[in-house]
Amino acid sequence: MENAILCLPTDLLRSIQRYTSINFLLNTSSQLKFDKYELYYWKLNKEHSLEYHNDSKYRTNVDSKLRKGLSQLSLNLSRESRTIHFLDLDYAEMVNVSYTKVMDVNVLGNVHTLNLCGCLNLVDVSALGNVHTLNLSNCPNLVDVSALGNVHTLNLSKCNKLKDVSMLTNVYNLNLSYCRLITDVNALGNTHTLNLTDCCFIKNVSALGNVHTLNLSYCDDIVDVSALGNVHTLDLSHCYYLMNVSALSNVYNLNLSHCHRLVDVNILRNVHILNLSYCYDVKDISALGNVHTLILFRCPFITDKSTLKNVANLLL
């Protein structure tokens with residue numbers, strides 16, 4: 001693998017040059033080219049600087065300068081020709097190496113926010129369990145994500161080989177959209193925000209009743225939503241075979257657009273925001289006068305809207 005060229009902002013490199021003893025703080029094998037503002041191999045070795053350890057004011061100055069610059073560090077590499085060979089970025093809070101040929105990410109385990117979207121060669125993510133916000137979308141060779149159960153915000157959208165998500169029980173925000181091999185989501189009941197868009201083979205959602213924000217759009221095998229009455233924001237759009245929504249009367253924000261088989265929706269009178277667009281078989285909405293926001297685009301058989309005078313936002 002060839003070393004990646006990490007292009008850093010000019011002001012950041014000048015700051016590092018000005019406020020640190022580069023010969024002491026940077027590994028002697030580092031190749032710094034300040035004239036071109038390129039860095040081939042980055043490793044901060046604070047242990048090499050006696051001044052850093054012995055002078056608290058100097059140490060504070062170094063830390064603040066490095067954190068300020070590196071907190072917004074973005075490593076944008078060409079997806080065609082460059083590969084990361086080695087990175088040691090303990091200071092970096094936000095790192096973007098999306099759409100690169102990166103394979104070894106073991107040194108990125110302490111990064112706060114890490115974007116590895118579209119890294120086609122990425123297989124092993126076992127070292128990333130301490131990352132706070134992790135984007136692994138469009139990583140088609142990922143299979144094992146068992147080490148990521150404590151990641152706060154995790155995006156696994158379009159990880160096409162992913163089947164087992166049973167270890168992701170503590171993830172707060174989880175995006176599994178377009179992971180079409182996933183069938184079992186029973187372990188995800190503690191997730192706060194869960195996106196399962198187009199996970200089209202999921203049938204059983206009985207364990208998801210405590211999820212705050214749940215997107216099940218295009219999950220057209222789902223017919224039983226009786227357990228979802230306590231979900232705050234629920235997207236069931238394009239669930240074509242859904243017929244019974246009687247359990248959803250307390251959902252705050254409910255999207256039922258393109259649910260073509262729906263007929264009876266009057267039970268939803270307490271929903272705050274209700275989208276019934278393209279629900280072609282819905283005719284009677286006489287009980288929905290207290291809904292705050294009601295969206296009725298392309299509902300051709302709803303003719304009597306006289307009871308909707310109190311609806312604050314009516315979109316037709």
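Trainee: Why is Cys239 called buried in this predicted model?

Mentor: Cys239 has a relative accessible area of 0%, and because the term applies to anything under 20%, Cys239 counts as buried.

Trainee: How do you know that Cys199 is in no bond with Cys219?

Mentor: The closest cysteine sulfur to that of Cys199 belongs to Cys219 and lies 5.6 Å away, whereas a disulfide requires the two sulfur atoms to be within 2.5 Å, so the pair is too far apart for a bond. Cys239 is likewise in no disulfide, the nearest cysteine sulfur, that of Cys259, being 5.5 Å away. By this rule the count of disulfides comes to zero.

Trainee: What makes Cys199 buried or exposed?

Mentor: The relative accessible area of Cys199 is 0%, and since buried means under 20%, Cys199 is buried.

Trainee: Which residues have the most contacts inside the largest nonpolar core?

Mentor: That core has 71 residues, and those with the most contacts inside it are Leu136, Leu156, Leu176 and Leu256. Nonpolar side chains in soluble globular proteins tend to be buried together.

Trainee: What does Leu136 touch, leaving aside residues up to four places away in sequence?

Mentor: With contact taken as heavy atoms within 4.5 Å, Leu136 touches several leucines, including Leu116, Leu122, Leu142 and Leu156, and its partners also include Val125, Asn155 and Cys159.

Trainee: How many helices and strands does the chain have, and what share of its residues is buried?

Mentor: The chain has four helices and 15 strands, and buried residues make up 47% of its 316 residues.

Note on methods. Residues are numbered from 1 along each chain as its sequence is written. This is a predicted model: local features need pLDDT of at least 70, side-chain atom pairs count only at pLDDT 80 or more; totals for chains, interfaces and linings use all residues. Side-chain values use heavy atoms; hydrogens and water are left out. Helices (H or I, at least four residues) and strands (E, at least two) are DSSP runs, numbered from the N terminus. Buried means under 20% relative accessible area, exposed over 50%, partly exposed in between (1.4 Å probe, protein chains only). A nonpolar core is a set of buried Ala, Val, Leu, Ile, Met, Phe, Trp, Tyr and Cys residues joined through side-chain atoms within 4.5 Å.
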